[in-house]
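Work through the exercises below with the sequence and the structure open. Each task is followed by a solution in steps.

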Amino acid sequence: MKSELTKLTLTCLLVSGLGSLAQAQEEKPAGDKPNINYEDHIKPIFREHCMVCHNPDDAKGGFSLGNYGSVMEGGAGGEVVIGGDLESSRLYALVTGAESPKMPPNQDSIAVAKLDTIKQWIEMGALENSGSVAKKSNKPAIAMEAGASIGKPEGPAAMPEKLWRQPVIHTPSTGALTAMAHSPWAPIVAIAGLKQISIYQTESMELLGVLPYPAGVPYILRFSRNGEMLMAGGGRGAHSGSVTVYNVRTGKSLVTVGDELDAVLAADISPDLSKIALGGPQRIVRIYSTADGELLHEIRKHTDWVTAIEYSPDGILLATGDRANGLFVWEAETLQEYLNLQGHSAGINSVSWQPDSNILASASADGSVKLWEMLDGKNVKSYNAHGGGVQFVSYTHDGRMVTAGRDKTSKVWSPEGNELKKFEGFTELTTRAVFDHEGKRVIAGDWAGTIKAWDVESGTHVADLTANVPTYPTQIEHQATRLTEWQQTSEKAIAAAAAAEKSVADKVAQIAATQKSMEESKAKLGETNKQIETTKQALAQLEKQVATQADEHTKLVAQMDAWQKEMVAMTSQRDETEKQLVALAAKKTEQEKQQAELTTQLTAKQAELATASTALAQSQEKVKAETAKRDELTKQVEAAQTKLNDSAEEAKAGVAKELEEAQAQLVAANAELEKSTAAAAAAEKTVADHKAVADKLTASLAETKTQVEATTQQLTAMTTAKAELDKKIEAQKSVVAEGQKKIEAAQAAVTTSKKQQEETGKQLASYEGQVKPLTEAIAKSDEQMKKLAEEKGKLDADLAAKKQGMQQATAKVADIQAKHEALTAEWAEFQALPAKLKQEDQQLASSVEAMQQNIAAAEAQMAELEKSMEAKKKAVDELTEKLTAAKDLLNKDRSASSDKAKMAREETEKMAEAAAKLEALREQQRLLEELYQK
């Protein structure tokens, strides 16, 4: 058993360590390759592709690439290059086309090799020259891993995606629960155990995975404010202590800080993930950078073990507490003391911030929880939470708190400090208690390692958890047992459903027999009723007559009421129509006034447009004339140049002067043309502006005319409607008078018929007394039918419940079967993991060896290229010396005899030939330099 436990432990540690090993291999420097820098590698790329638009003289967008300082300064939109942070460097996104506008515009994309050079330059720290040293990135490594948001993430909350469920260690007995934490946004809770952290799903209460914690025992667990990270602090008592941060999704260990001589008892990670604060028996609070693990600050204010540390949710403050009841609040950035909170009479065991960062809750061994207001440090609430001491306090999103205490209970409190729920059932003092992410469940544990979960609303115990996770074989065996139990439950449910179905069938037969008896009684009653049919018919005739007369009276009364209401409505409508006529007349007058104003404005604007159009035509004619003049002067310059080239040496001076005068005239003509072009553009804009205003006024005038016409039509229609209403009102008055006469006649007829109905009803009552016994028999049968129907309904409900139970049991069997198969497959995959990792390691070694061979070949090729470049540079230097000598000789002999002039021409030809060779060699040199950079 011991050897198997050791094997499992080593396997888990191997899994957790391979990621760090691979990372170390990736970060190893690749040979002595020089750092890529701006002056030697990046500036030539910018000069070739970008500096036409982004140079010191023409910095489009306020951004120049002409020197290192202007590149790092950025443009109007801020920094575009951030050394060591490719993701935040917008320049790279623009030149690769990942963001718009793509650079350089209207050109082919920059070659991939050059883009790779720019990428490497940024990643290596964006160095200025070969002697520069890269600055450290201010962005924490863990922030780059999962973002530094401090609240609820935009997408799905972080959940473990695939973690092994094999424990690092499984012991015969369970130790005390030392730490526990819940994700703020996902249904997961982390529970500390010996050398491991167990992750559970808080809705199904299933184990999601185990994170190895080789440092020892975790004494503090915290999720980051965005739920992406899990921080674990702990170690070995009187030996060592540190804090490790894990990626919740992958389980990867991202950073470990601290090198304490004792276990870390309290720690927290800042909301922006940039710093970790930790403390313990050494009485010092140390602040570390998550970017490089560097120790940033120390707080030496505490006089006893540091037992509580937590950043405020907004990241502005840091609270720390110790075993000697010291409780302080610090400014998180400067670590200046902000508040010294005095009031507890015993040690501080835990602190927790209200979600809005305005209230700090402190839990003490004196048995109280105190709430501190952060404006001036006032103690706004204090209450006795647990007899013997409060071990832990934690807020949830809505301001409620949960506490754990030495009285073996955990409790839920309102934001005002009122006790809402109390959870018992522990044999030892409770050490930790937390809400789930929705505040619907509480998970708590005690010193004996018992961990329970409750439903907050009902107080019902829903599950038991453990930090001493069983091994894969034990988990599989447990699932197999549950599968057998649920299979038996399913069989019983199927049998119960069959029995319930038989009971329903028996009750249906009993209902059918009772129904038959009741139908026989009804038949006998029918025969008796025939004997009194004549009397009933007479009574029915009278009832019909009375009903008809009463209905007629009622209809007449209702019709009279409707006529009167209609007349009132018509009168009201006529009055309202008169008011609307007055309003429409006023509206029409206002619209006609507006129409006249718009007409005047449009006439004026059209006159301005005509004037501007005339000015534009004149400007365009001027541009055309000056363009022709410029073209003519250009021809003159070209002719003078040609003449200079063809002239004899003694005439060159005069022709050169003519060329200079022509060039001066051309420059002046170009300047005039630019002014005229600008004036024409301004005139064109003025015409466009006037036309836009005129178009808008034309549209407004058309709309106003339409409104006037519509208002006129409304006036005409409403005048006609008023006249019609006047006629209808007069006619309605006559209808009302005639209706009143009809109502009085109908009332008299109803009175006479009711008297006849009363006499016939007395006669019918004597006949109905004869059918009473039959009616009672039918009623009795009917009552029995109702009772049977009720019994059948209960049986139907019982059958439905048993069928549902059968379906649920069958579904549970299928669910456990699927999970059992998945866990078995996962165990097999875990067992095969060492061989798989060994194979991957061999493949990696082979890949590294191949890369090293490629690098050696490339370095050899590079050495050959460097030799070739040196030879080419030497040839360039020699030709440059010859060219310089030829130029000197030409200048000395230019005024000599014709023989010397001929010699000069020969030397000029030689000089031209040398210049051509020089240019060809320079082109070869440029190509070699590009190849060398690649």
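**Exercise 1.** In which sense do E24 and strand E25 (residues 410-413) pair, and over how many bridges?

Solution. The model is a predicted one. Step 1: E24 and E25 pair in the antiparallel sense, over 4 bridges. Step 2: pick out one bridge; Thr403 has Lys411 as its partner in E25. Step 3: turn to the pairing with E23, where Thr403 of E24 is the bridge partner of Val393.

**Exercise 2.** Find the order of the strands in the open sheet that 4 strands form.

Solution. Step 1: the order is E23-E24-E25-E26, with antiparallel pairing. Step 2: E23 and strand E26 (419-423) are the edge strands, each pairing on one side only. Step 3: neighbouring strands in this sheet are turned against each other by 20 degrees on average, direction ignored.

**Exercise 3.** Is strand E23 (residues 390-395) largely enclosed or open to the outside?

Solution. Step 1: count the buried residues, taking buried as under 20% relative accessible area. Step 2: 6 of the 6 residues of E23 are buried, so the strand is largely enclosed by the rest of the structure. Step 3: follow the chain into the hairpin of E23 and E24, which has 5 residues between the strands; Gly399 there takes a positive phi near 95 degrees.

**Exercise 4.** Describe the largest nonpolar core.

Solution. Step 1: this core has 28 residues, and Ile451 and Leu465 are among those with the most contacts inside it. Step 2: elements giving two or more residues to this core include E24 and strand E29 (451-455). Step 3: leaving out residues up to four places away in sequence, Ile451 touches Leu177, Ile191 and Leu465, among others.

How values were computed
Residues numbered from 1 in each chain as written. Predicted model: local features only at pLDDT ≥ 70, side-chain atom pairs only at ≥ 80, totals over all residues. Heavy atoms only, no water. Buried < 20%, exposed > 50% of the residue type's maximum accessible area, 1.4 Å probe, protein only. Pairing = 2+ DSSP bridges. Core = buried A, V, L, I, M, F, W, Y, C linked by side-chain atoms within 4.5 Å. Contact = heavy atoms within 4.5 Å. Axes fitted to C-alpha atoms, helices over the stretch in contact; angles between N-to-C directions.
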